[in-house]
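Trainee: I am new to this structure and would like to go through it piece by piece. Could we put it on the screen and begin with the ligand?

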Amino acid sequence: MSHSYDHGGNVFTVARTLGVAPDQILDYSASINPLGMSPMVRKALICSLDSLIHYPDTTHKELKQALAKHHDLSSSHFTIANGSTELIYNLPAMLPGKKALVISPSFSEYVRALIQHHWEAQHFILTPENNFSIDINKLERALAGGVDVLFISNPGNPNGTLYPQRVIEKIYSLCLSTGTFLVLDEAFMDFCEEASAKQMVVHSDNAIVLRSMTKYYGIPGLRLGYAISNTTLAERLDSMGGPWSVNTLALAAGTAALQDVQHNQNSLEFVRQERRTLFEQMAQFSQFKLYASSTNYLLVEIKDGITARELKDRLFHHRILIRDCSSFMGLSDRFFRIAIRTGDENKRLLECLGKIIK
Ligand SMILES: Cc1ncc(COP(=O)(O)O)c(C=O)c1O
């Protein structure tokens, strides 16, 4: 069975369509660490090949211990999964209730997962005119209508907005007063770790943090993510996935990735620097409006001229992929998202944009 999903990163399909190898495609549509995976991860993967003769370790002990050290939390607070998407699909089956509110624009899998589990999903829409800021009074009114679960991504995707801890704490206290369970998706939080709400959720019955290891650690093809929660929730969530949904290679890669402090530090600095440069270069196009980002991607609005779909199609023929954001709730057909990549790659993107946007 094949699936058609509206996401970035479809390099294999695109390469087949264009009749080229996947490495000929410059993929700006998926937001992955431009420095790629750590050499220590590559080595760990190769060293683990012989272990594939065994079933994976279902306790995920080593990775949990590495995460505990990394986050300075006890390992009982972690649940490991086959990408954070697996957690997004398991949560609606585990949580009580039927009405969810999703702060949007956001990752489309929240609603897809909710609907699959017969939840009613509504959107709380943030607007570009207000720089995607959250009107707390309005949110309070929305939650008072009886919401069982609230989904929010911090930093936001595709907008890249980082909501400070005090805003998240305010939202959390609203959720406590209305009996709403808070799902905080921190898939891109490694790029701004200091703002994580991990400490807030570890003793809460009402909130959970979801983390992805595919973006910052550059292994989307391997699939790895985790949740941070109180120990009871962690145990319940652990029992939701199948016994071997996380494979041996992913476990080894995750553990090694956390140990390569140097590569991780370089990645952070590289992304910060390139984001600043790319932001300034993109802002040179008078047709573009840029939105401030704390992550490894930028949201761009085309003020006049072509639509994001047309731009995407034109770049496609230059073997460059961007994320047309018109399918995101709350965004018009003029929005697109690009990942932060290396200086040389960005130069190619900018040259092609220069030819298309005159
Ligand atoms: C906000 C957000 N959350 C979660 C995910 C899922 O990540 P993964 O399943 O690769 O861990 C994505 C992927 O793009 C995302 O953008």
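Trainee: How do the residues of the shell around the ligand divide into nonpolar, polar and charged?

Mentor: Please keep in mind that this is a predicted model. The residues around the ligand are Gly83, Ser84, Thr85, Phe107, Ser153, Asn157, Asp185, Ala187, Ser212, Thr214, Pro220 and Gly225. Glycine is counted as polar in this grouping, and the shell then divides into three nonpolar, one charged and eight polar residues.

Trainee: In what order do the strands of the open sheet of seven strands follow one another?

Mentor: The pairing in this open sheet is mixed, and from one strand to the next the twist averages 20°. The edge strands, each of which pairs on one side only, are β2 (78-81) and β4 (120-125). Reading across the seven strands, the order is β2-β8-β7-β6-β5-β3-β4.

Trainee: Which residue in β4 is the bridge partner of Ala100?

Mentor: Start with strand β3, residues 99-104, which is mostly covered, as five of its six residues are buried. Strands β3 and β4 run parallel and are joined by six bridges, and together with helix α5 (residues 109-116) they make a right-handed β-α-β unit. Within β4, the bridge partner of Ala100 is Ala121.

Trainee: And which residue in β5 is the bridge partner of Val102?

Mentor: Strand β5 covers residues 149-153, and it pairs with β3 in the parallel sense over three bridges. The bridge partner of Val102 in β5 is Phe151.

Trainee: Which residue in β7 stands opposite Leu182?

Mentor: Strand β6 takes in residues 181-185 and strand β7 residues 207-212; the two run parallel and are joined by four bridges. Opposite Leu182, in β7, stands Ala207.

Trainee: What angle does the direction of helix α9 make with that of β2?

Mentor: It helps to take helix α3 (residues 61-71) beforehand, which lies across β2 and β8 (225-228) and runs at about 125° to β2. Helix α9, residues 231-238, packs on the sheet and touches β2, β7 and β8, and its direction makes with that of β2 an angle of about 20°.

Trainee: Which peptide bond joins Asn154 and Pro155, cis or trans?

Mentor: In general, most peptide bonds are trans. Pro155 has its place in the loop between β5 and α7 (165-178). The omega angle of the bond between Asn154 and Pro155 is about -5°, and the bond is cis.

Trainee: What is omega for the cis peptide bond between Ser104 and Pro105?

Mentor: Pro105 lies in the loop between β3 and α5. The cis peptide bond that joins Ser104 to this proline has an omega of about 5°.

Trainee: Is Phe132 buried or exposed?

Mentor: Phe132 sits in the loop between β4 and α6 (136-144), and its phi is near 60°, a positive value in a residue other than glycine. A residue needs 20 or more other C-beta atoms within 10 Å of its own to count as buried. Because Phe132 has 22 other C-beta atoms within 10 Å, it is buried.

Trainee: Why does Arg319 count as partly exposed?

Mentor: Arg319 is found in the loop between α12 and β11 (320-321), and although it is not a glycine, it has a positive phi of about 65°. A residue is partly exposed when its count falls between the limits of 12 or fewer for exposed and 20 or more for buried. Arg319 is partly exposed because the number of other C-beta atoms within 10 Å is 16.

Trainee: Which strands stand at the edges of the open sheet of four strands?

Mentor: This sheet has the order β9-β10-β13-β12, with antiparallel pairing. The strands with a single partner strand, so that one side of each is left without a neighbour in the sheet, are β9 (288-290) and β12 (323-324).

Trainee: Which residue in β13 stands opposite Arg323?

Mentor: Strand β13, residues 335-339, pairs with β12 in the antiparallel sense over two bridges. The residue of β13 that stands opposite Arg323 is Arg337.

Trainee: Which residues does Phe279 touch, not counting residues up to four places away in sequence?

Mentor: Phe279 lies in helix α11 (residues 261-283), and this helix lies across β9 and β10 (297-302), running at about 150° to β9. With residues up to four places away in sequence left out, Phe279 touches Leu290 and Leu298.

How values were computed: Residues are numbered from 1 along each chain as its sequence is written. This is a predicted model: local features need pLDDT of at least 70, side-chain atom pairs count only at pLDDT 80 or more; totals for chains, interfaces and linings use all residues. Two strands pair if DSSP finds at least two bridges between them. Axes are lines fitted to C-alpha atoms, for helices over the stretch in contact, and angles run from 0 to 180 degrees between N-to-C directions. Two residues are in contact if their C-beta atoms, placed from the backbone, lie within 7 Å. A crossover is right-handed if, with the strands pointing away from the viewer, the path from the first strand over the helix to the second runs clockwise. A residue is near a molecule or strand if its C-beta atom, placed from the backbone, lies within 6 Å of it.
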